Amino acid sequence: MSERIALGFCNNVDYEILWDSEVLEDLVHDYRIRHDDLKERGAIQTERDLVVSILGFMQAGAGGERFVSDSILIERFASRFNKKITLGGTSVRAAIAMRKLGYTSALHLITQNQQARERIPADCPYVCSNAQDSFFPHLIVQYGAGDRVRAGELDIRARQPNRLIYHCNADRIAMKLNPDFADLLAGAQVLLISGFNAMQSKRLLLERLATLSRMLERLPSDATVYLEDGGYYDPSFRRLIYRALGPRIDVYGLNEDELQTHLERKVELGDARHTRIALDELRQRIPAAAIVLHTRSWALAHGERASQYEAALRSAVTLATTRFCYGDDFRLAHYRQIESRAPSADIKRFADAINSAPGDKLFCVPVPQVRQDKATTVGLGDAFVGGFLPALLA
């Protein structure tokens, strides 16, 4: 019997480094990095470029995903820090998170190696598109609110926590698909599509989308398909993906950084009117049946009968907040504890303002209020997806 939840399409090994300001300050001195250097947004070809990129994101208080020229840069930089090895990729992290809520899922992998085999939930069936073991680690950089880098003329203090992802992953660039995954879709009620954002060839992408379209013929017509956005190497590929799959997409999910990338401007996400305007602009670009936007303070659904996603939104923000507080080691008891927490008064007012709009085209759920000095910032969007999808099951 196939799983009711199917998750695709990629996975990888993550090096989650532990933040160390002293190491970064030494690198600032060694590479003579100055304020003006942080304005650079070019290719990341050297370790100096990597440090500049990290500090630039930190100065802006933003998160993101960037491609580097060689995995050797990641190995070299990560070796300077204490680190934890985990599994990455929205589908795999979502699978691990939802398993703690009691849900299993079927997975499509693009990479297999000993680390992956040891960490994927044992009762989750999977296929892989790569017959041989391969290893292309991703660098995960997390900074917390108040973390500071002070060296030379630089003095940068993070206003809010966030995470950065760097990689040079040949498997993700190729994104081979295993047609056998179609067999795992035959009884699925929910399917996640993610992971195409690292691709660099339009020709290859179109080939992969054609393969995926054939797979979707095996998916029951009443199944819900959730397409997760990401940090695209080539932003124009978003349009190609939506053009190919749009009629089959039920929910288009993205975070606040991705929203602002789509609109190419900052959005005042604490202002209900500005947020509604931004969502209307986004809908002109992505006419999905429903758009789900998740931020650090709230999550909402935008589309016809938006309130039908209330339970999914509540489960999603609860699971993401649980991971924020407890990291990989959270338990179901932690989830239940977070579930009982109320939001802050300001965020509740924002959600009430969104929900007061006429009709049923917007529904917002505030994030529970928590205090966590050493928060986990990586994988929060993945945990959000892991909470959202099981709540869609009939």
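Two strands pair if DSSP finds at least two bridges between them. In this predicted model, strand β13 (residues 251–255) and strand β14 (residues 290–294) meet that criterion with 5 bridges, in the parallel sense. Val251 has Ala290 as its bridge partner in β14.

Strands β13 and β14 belong to an open sheet of 9 strands. The order is β6-β5-β1-β11-β12-β13-β14-β15-β16, and the pairing is mixed. The edges are held by β6 (126–128) and β16 (362–366). Each has a single partner strand, so one side of each is left without a neighbour in the sheet. Direction ignored, neighbouring strands of this sheet are turned by 15° against each other on average.

Helix α4 packs on the 9-stranded sheet. The strands touched are β1, β5 (106–109), β11 (190–193) and β12 (224–228). The direction of α4 makes about 145° with that of β1. Helix α11 (residues 272–285) lies across β13, β14, β15 (298–303) and β16. Helix α11 runs at about 50° to β15.

A further open sheet has 5 strands, in the order β3-β10-β7-β2-β4. Its pairing is also mixed. The edge strands are β3 (64–67) and β4 (83–88), each of which pairs on one side only. From one strand to the next, the twist averages 25°. Within this sheet, strand β7 (residues 138–143) and strand β10 (residues 162–167) run antiparallel and are joined by 5 bridges. Leu139 has Tyr166 as its bridge partner in β10.

Helix α3 (residues 71–78) packs on the 5-stranded sheet. Its contacts are with β2 (12–17), β4, β7 and β10. The directions of α3 and β2 make an angle of about 35°. Helix α4 (residues 90–99) lies across β2 and β4, and runs at about 95° to β4. Helix α4 thus appears in the packing on both sheets: it touches β2 and β4 here, and β1, β5, β11 and β12 in the 9-stranded sheet.

Three helix pairs were examined next. Helix α2 (residues 47–60) packs against α3 at an angle of about 70°, with the axes 10 Å apart. Angles of 65 to 115 degrees count as roughly perpendicular, so α2 is roughly perpendicular to α3. The crossing of α2 and α3 is right-handed. On the α2 side, the contact is made by Glu47, Leu50, Val51 and Ile54. On the α3 side, the residues are Leu73, Arg76 and Phe77. By class, the contact of α2 with α3 has 5 nonpolar and 2 charged residues, and no polar ones.

Helix α8 (residues 202–216) and helix α9 (residues 237–245) pack at an angle of about 25°. Their axes are 10 Å apart. Angles under 35 degrees count as roughly parallel, which means that α8 is roughly parallel to α9. This crossing, of α8 and α9, is right-handed. Lys202, Leu205, Leu209, Leu212, Ser213 and Leu216 of α8 meet Phe237, Leu240, Ile241, Ala244 and Leu245 of α9. The contact of α8 with α9 divides into 9 nonpolar residues, 1 polar and 1 charged.

Helix α12 (residues 310–326) packs with helix α15 (residues 380–388) at an angle of about 140°. Their axes lie 7 Å apart. Helices α12 and α15 are therefore oblique to each other. The crossing of α12 and α15 is right-handed. Helix α12 contributes Ala312, Leu313, Ser315, Ala316, Val317, Leu319, Ala320, Arg323 and Phe324 to the contact. Helix α15 contributes Leu380, Ala383, Phe384, Gly386, Gly387 and Phe388. The residues of the contact of α12 with α15 comprise 11 nonpolar, 3 polar and 1 charged.

Aromatic contacts were also counted. A pair of aromatic rings is described by the distance of the centres and the angle of the planes. With ring centres within 6.5 Å as the cut-off, the count comes to 11 aromatic pairs. One of them joins Phe9 and Phe181 in an edge-to-face arrangement, 5.4 Å centre to centre and with 75° between the planes. This pair links distant parts of the chain. Phe9 lies in the loop between β1 (5–7) and β2, whereas Phe181 lies in helix α7 (residues 181–185). Phe9 and Phe181 are 172 residues apart.

How values were computed. Residues numbered from 1 in each chain as written. Predicted model: local features only at pLDDT ≥ 70, side-chain atom pairs only at ≥ 80, totals over all residues. Heavy atoms only, no water. Helix = DSSP H or I, 4+ residues; strand = E, 2+ residues; numbered from the N terminus. Axes fitted to C-alpha atoms, helices over the stretch in contact; angles between N-to-C directions. Contact = heavy atoms within 4.5 Å. Parallel < 35°, antiparallel > 145°, perpendicular 65-115°, else oblique. Left-handed = near helix turned anticlockwise from the far one by under 90°. Nonpolar A, V, L, I, M, F, W, Y, C, P; charged D, E, K, R; others polar. Phe/Tyr/Trp six-rings, centres within 6.5 Å; stacked < 30°, edge-to-face > 60°.
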